[in-house]
Amino acid sequence: MANNIFRKKSIPKILEEAARGEHEGSGLKRVLGVRDLTFMGIAAVIGAGIFSSIGKACYDGGPAVIFLYIFTAVACGFAALCYAQFASTVPVSGSAYTYSYVTFGEIFAWIIGWDLLMEYAIGNIAVAISWSDYFTGLMEKANIHIPHWLTMDYATAHAGFTEASKLIAAGTATSEVGSTLMSQFSAWTDAPMLMGLHVIMDLPALLIVLIITAIVFVGINESRSASNIMVIIKLVVIFLVIVVGGYYVQPENWSPFNPNGFTGVMKGVSAVFFAYIGFDAISTTAEECKNPQRDLPRGMIYSLIICTILYVLLALVLTGMIPFSRLNVGDPLAAVFDERGMAWIAGIIAVSAIIATASVLLVFQLGQPRIWMSMSRDGLLPKIFSAIHPKYQTPWFSTILTGLVVAIPALFLNLNVVLALTSIGTLFAFVLVCGGILVLDSQENKPESKFKVPHVNGKYVVPLLFAGAIILLQVKIPGYFTGLLHADGIPMILFFVVALVVAVYTFLRNFSLIPVLGLLSCLYLMAQESASNWLRFLVWLIIGLVIYFLFSYKNSKLNQPENAVR
């Protein structure tokens, strides 16, 4: 069994089957060009991260949060180059799942396929909840009231009720409690009861997922058109915010530039990384690209560059318009203009936020079914997951199931937990993709790729960087390493162990620098997550492994030894 779980798919075999239309070439429409892919990348990246979580990140890190955006962009950039080489070498649906299958073997492919559920499906739960927040806020401004118990999850309502009750009991006037807490308080008190339980759900989140799922179901052309229109609208609005907001920037708000130090900046890791999730989702559309080997790498890299520039400019504008300490709000872009008395711009931003998050939903709802489709074709999931609709030429069952998997939990789950799970799951996928390039480059007789990660020998650079980092930490932060000897320090201990192993192997085997830096930088961002989040992540992977050994292992198309490549 040990050998069988590491059985690999052959790249030439995948390409041969795709060309014959027997396996990976499945009748999907090839209509996407580099412009469409770039727009889809922007559609996936620019959403809740730029309209919501950027406020909390600026609050924690002050103006210096731009360095976290830049560092995260660099880490994602390394991963994007690795994704681009894989997409050009293996231009089929499946994204990191397929890439892991040809480099690490079946067990890792299953793990990453299961893990990608956290990026696409669970990530979309977070996006749906954010969309609901913007939508209900806009309805309130338009004097259209939706009962609060239909606009949030049970845990949020209960926590808000508890906190508001304490404040009111202490003599605080309800007008001073805050609108957010009071809406949570009223959601709890006004909710109908069923068998002794408060009935509280996020109905708008459910409805938007069902609408987007319907668009994705009817075809890639419709999804492409909807995505492109939404991207154009939100780019125009973001440009408006930067230009108009730049006029009101007060440079004194940038002093001190780094008020909360390195720790404050790094508090925003989950929020900032969540803002970048999505550029890799377009690799799942390989079979719907006109020229995937040329256009996929360009689409990923172009979208990442454009989004990074926009994030940095927006962070500078926001922290320049008002003090960073007033940015811990759910709608920071609208809030800064409200403070300036420009309600008309705030209204435009609120509408564009609804459009932006809807476009993210669309791209992720497009990606998850295609992951399941690829896994089904390999026998790891039942055949119905790869069934193609005869009229719309989309994976109909996987699309409907994705809609249900996202829509139903979006009714009840808490945003913060979902956000953290999405970030750590996606970073893990990036780590494996970067490691996969190191494995792929060491293979003999590998297919030629139209795009390759630029090769820079890391033989001496990586060990020197590792040694320099250890020395710098020991000198600048005495006691840093002994301070890791607690539960929340375990992820960083793991990072240093892996970094040491990678540095040694890089020296011995002349590994390429960019994939190594991508692997280590993404693993470092993972290590910034809490131990409790790592525990939830490990439990999720264990559940996936149980499913693999109960069903996927024996049903895999590589179960016959002559079909596996070791």
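This section describes two helix pairs and a nonpolar surface patch in a predicted model.

Two packed helices are described by the angle between their axes and the distance between the axes. In the first pair considered here, the axes of helix α4 (residues 65–89) and helix α5 (residues 96–103) come within 10 Å and cross at roughly 75°. Helix α4 is therefore roughly perpendicular to α5, since angles from 65 to 115 degrees fall in that class. On the α4 side, the contact involves Tyr83, Phe86 and Ala87; their counterparts in α5 are Ala96, Tyr99, Val102 and Thr103. By residue class, the contact of α4 with α5 comprises six nonpolar residues and one polar residue, with no charged residue.

The second pair consists of helix α15 (residues 332–339) and helix α16 (residues 343–377), which pack at an angle of about 170° with their axes 8 Å apart. Because angles over 145 degrees count as roughly antiparallel, α15 is assigned a roughly antiparallel arrangement with respect to α16. Helix α15 contributes Leu333, Ala334, Phe337 and Asp338 to the contact, while α16 contributes Ala343, Ile345, Ala346 and Ile349. Seven of the residues in the contact of α15 with α16 are nonpolar and one is charged, whereas none is polar.

On the surface, a nonpolar patch is formed by Tyr460, Leu464, Leu500, Val504, Phe507 and Leu508. Together, these residues have about 630 Å² of accessible area. The most is given by helix α20 (residues 490–509), with four residues of the patch. Leu464, another member of the patch, is located in helix α19 (residues 461–476).

Note on methods. Residues are numbered from 1 along each chain as its sequence is written. This is a predicted model: local features need pLDDT of at least 70, side-chain atom pairs count only at pLDDT 80 or more; totals for chains, interfaces and linings use all residues. Side-chain values use heavy atoms; hydrogens and water are left out. Axes are lines fitted to C-alpha atoms, for helices over the stretch in contact, and angles run from 0 to 180 degrees between N-to-C directions. Helices (H or I, at least four residues) and strands (E, at least two) are DSSP runs, numbered from the N terminus. Angles under 35 degrees count as roughly parallel, over 145 as roughly antiparallel, 65 to 115 as roughly perpendicular and the rest as oblique. Contact means heavy atoms within 4.5 Å. Ala, Val, Leu, Ile, Met, Phe, Trp, Tyr, Cys and Pro count as nonpolar, Asp, Glu, Lys and Arg as charged, and the others, Gly among them, as polar. Patches are made of residues with over 30% relative accessible area and no salt bridge: like charges are joined within 9 Å, nonpolar side chains (Val, Leu, Ile, Met, Phe, Trp, Tyr) within 5 Å. Accessible areas come from the Shrake-Rupley method with a 1.4 Å probe; for residues, only the protein chains shown count as cover. A salt bridge is a side-chain nitrogen of Lys or Arg within 4 Å of a carboxyl oxygen of Asp or Glu.
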